[in-house]
There are 2 protein chains.
Amino acid sequence: MIIAVDAAGGDHYPKNPVLGALAAIKEFERLTILLVGPKKLVQNELSKYSFDQDRIQVVDSPEIVEMTDSASAALKQKPNSSIAKGISMHKQGQCHGFVSAGNTGALLAASMFILGKLEGISRPTIATYYPSLEGFRLIIDAGANLEIKPDMALQFALMGQVYAKEIMGIEQPRVGLLNVGEEEGKGTELLKEIYGALKQIPSFIGNVEGRDILIPKADIFITDGYIGNVVLKLGESLPGILKTLVGQRLQQSKGTPEMMSFVQQILTESLAPFDYERVGGLPFLGVNGTSVVGHGGSSPTAIKNMIKVAMDCVEHSINDKIIASIN
Amino acid sequence: MIIAVDAAGGDHYPKNPVLGALAAIKEFERLTILLVGPKKLVQNELSKYSFDQDRIQVVDSPEIVEMTDSASAALKQKPNSSIAKGISMHKQGQCHGFVSAGNTGALLAASMFILGKLEGISRPTIATYYPSLEGFRLIIDAGANLEIKPDMALQFALMGQVYAKEIMGIEQPRVGLLNVGEEEGKGTELLKEIYGALKQIPSFIGNVEGRDILIPKADIFITDGYIGNVVLKLGESLPGILKTLVGQRLQQSKGTPEMMSFVQQILTESLAPFDYERVGGLPFLGVNGTSVVGHGGSSPTAIKNMIKVAMDCVEHSINDKIIASIN
């Protein structure tokens, strides 16, 4: 298995992609990594560590896509970026997948234009993991499609079910439509039409509400990318906010140092379900390839886990199963 | 000051509205309460307590609006409900405001049809308090308008500013547009148009994201009622979810009983900013009257605080100030 990793993407390149790649070849057998980025920069970082030289190769891509670049500008004006190079190599069969903590919009655009869509798919989607009392669940769409239509929503749900079953090990993934009330007939005309389309899915459980996400009442929450994105970022901000709130209370409390450190330990452990690092990222669903995107702030562990996600998608032939499910 | 209270609304009537009313007359001077509900039911509950009989009157309304009734059906089929009766009395000047923990849709419909809109307002809105590191802030709309337009969004922001300044004591309330990215030009065409409309407001700070809510980066977060409702209910579910997560960790820990109770005390105190009971509810903004709606599960304290909100709105002439701000 050969996975290409964006060594010029995210907030902490080349260090974190390099460390993530090194961790991955240590943990996963039969894996070779292509580190795609400005050659000298990447080699300089790599030279700090000792590793099996046969299993990591550096591929030069001199141009850098900034996190603030617009997707279309990044593609047109920087044809020699790590994203363009990595996705092109994937298209040409030189690697099984590409992993990036870089500019999500640019990666999605490159994936759609260079790799293309899977047969029968109207719009690829970004799904996101969301924490719950029973582990991560999926929210789809998380920002790729700010407006959705009934046929798109149906495909998102079907693709999400393949992913949840194959990669997350959820046997019969329940699909719920995020809405403002539980009863059928709630919401806008569009939401009612989407409800009608989702009814084709045997494990569609109907409308679900914001309070049902963390329980979780469904395994896949279908919504538009505007809501998905707001809810995703709200969730990402939670652990930090809670640690601040608890820290403030502790300062005012009369606990002993031992008790205070016990509180912080329990809190950190309790918030583990909110730790996105454990999964790192998800592939774009509906793209004709394996293109995994993660958070800009991804740690080495997060990047290692994104590489694992890419490997899992390839090993489980996710795209073949999506095509079979849709058509 | 005379405030009418829905004694047949919410999940725990008549008990909680009655207890909330009793707490209110104890705490607030020069306040008379009209308890609106099935007379015998309410009187029976009231008879359990001793109180100043001059300050609480029971107004009979035999019909009950269920929480699951549709708004229009509730209005048409149950003309003698507590909601219809209370709002009608307010329209006729028999009380200064109406407070209910009952069916939000029915209360909004009754408020719009019986009280009407304020001069110049295109659509009344439901705002919601949202917790943050600096106390509650506002999200508008929270479910009354699932689709919004630029002129509506501008009015929501202006009404929110009046409320935040007068009732919440925020001197220069910052307005932010919830979007999928910070830069101007992000989001759908509609979001770009709303951005353009909000630019008229001097303290508009531009686009904000889901991660900015709890900080809080703005004092008033403008969004559509679909997102506002999902985010509102997600936030309401959080304290319970966190207590469960921490409880599970504690059971597996080796802390002493003293340490474990210290954790729970700190957690409860830390989650105080998430406690909606402290405000109880908000008035519909843009309605020609004072109609305060709260959570179905409102406690007596929450209902007492809703009564306080209604009193504050009247005392601060919120509606006059909204009209001056809009026109």
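Let me begin with a definition: a residue counts as buried when its relative accessible area is under 20%. Keep that cut-off in mind, because Thr188(B), at 13% relative accessibility, falls on the buried side of it. And a quick reminder, everyone, that what you see on the screen is a predicted model.

So, where is Thr188(B)? It sits in the loop of chain B between β7 (175–178) and α7 (189–198). And what does Thr188(B) touch, once we set aside its neighbours within four places in sequence? The answer is Leu146(A) and Glu147(A), over in the other chain. If you would like a distance to go with that, 24 Å separates the C-alpha atom of Thr188(B) from that of Leu214(B), a residue 26 positions away along the chain.

Those contacts take us to the interface. Here 53 residues of chain A are in contact with 52 residues of chain B. How much area do the two chains bury between them? About 4,700 Å², and carbon and sulfur atoms account for 79% of that. On the chain B side, three residues to pick out are Tyr226(B), Leu234(B) and Phe262(B): they supply 15% of the area chain B buries against chain A, more than any other three residues.

Let me step back to chain A as a whole. You can count 11 helices and 11 strands in it. Its radius of gyration is 21 Å, close to the 20 Å that the globule rule gives for 327 residues, so chain A is as compact as a globular protein of that length. Along the principal axes, its C-alpha atoms fill a box of roughly 60 × 60 × 35 Å.

What about the inside of chain A? Buried residues make up 60% of the 327. Of the contacts with a separation of 6 or more, 73% are between residues 24 or more positions apart. On the outside, chain A exposes about 13,000 Å², with 49% of that supplied by carbon and sulfur atoms. As for charge, there are 30 positive and 35 negative side chains in chain A, and the centres of the two sets lie 3 Å apart.

Back to chain B for a moment, and to Asn305(B), which belongs to helix α10 (residues 300–315). Is Asn305(B) buried or exposed? With a relative accessibility of 14%, Asn305(B) is buried. Beyond the residues up to four places away in sequence, Asn305(B) touches a run of chain B: Glu277(B), Arg278(B), Val279(B) and Gly280(B). From Asn305(B) to Val287(B), 18 residues apart along the chain, the C-alpha separation is 20 Å.

Now for some backbone geometry, my favourite part. Most residues other than glycine have a negative phi, and most peptide bonds are trans. Here are some exceptions to look up on your own screens. In chain A, the bond from Ile215(A) to Pro216(A) is cis, with omega near -10°. In chain B, the bond from Ile215(B) to Pro216(B) is cis too, with omega near -15°. Pro216(A) lies in the loop between β8 (204–208) and β9 (220–222) of chain A, and Pro216(B) lies in the loop between β8 (204–208) and β9 (220–222) of chain B.

Then there is phi. Arg30(A) has a positive phi, near 50°, and is found in the loop between α1 (15–27) and β2 (32–37). Arg30(A) is exposed, at 68% relative accessible area. Ser317(B) also has a positive phi, near 50°, in the loop between α10 and α11 (318–326) of chain B. At 32%, Ser317(B) is partly exposed.

Thanks for listening, everyone!

Methods:
Residues are numbered from 1 along each chain as its sequence is written. Chains are lettered from A and ligands numbered from 1 in the order in which they are written. This is a predicted model: local features need pLDDT of at least 70, side-chain atom pairs count only at pLDDT 80 or more; totals for chains, interfaces and linings use all residues. Side-chain values use heavy atoms; hydrogens and water are left out. Helices (H or I, at least four residues) and strands (E, at least two) are DSSP runs, numbered from the N terminus. The radius of gyration is taken over C-alpha atoms; the globule rule is 2.2 Å times the number of residues to the power 0.38. Buried means under 20% relative accessible area, exposed over 50%, partly exposed in between (1.4 Å probe, protein chains only). Contact means heavy atoms within 4.5 Å. Accessible areas come from the Shrake-Rupley method with a 1.4 Å probe; for residues, only the protein chains shown count as cover. Lys and Arg count as positive and Asp and Glu as negative; His and the chain ends are not counted. The place of a charge is taken as NZ of Lys, CZ of Arg, CG of Asp or CD of Glu. Buried area is the accessible area (1.4 Å probe) that two parts lose on being put together, summed over both.
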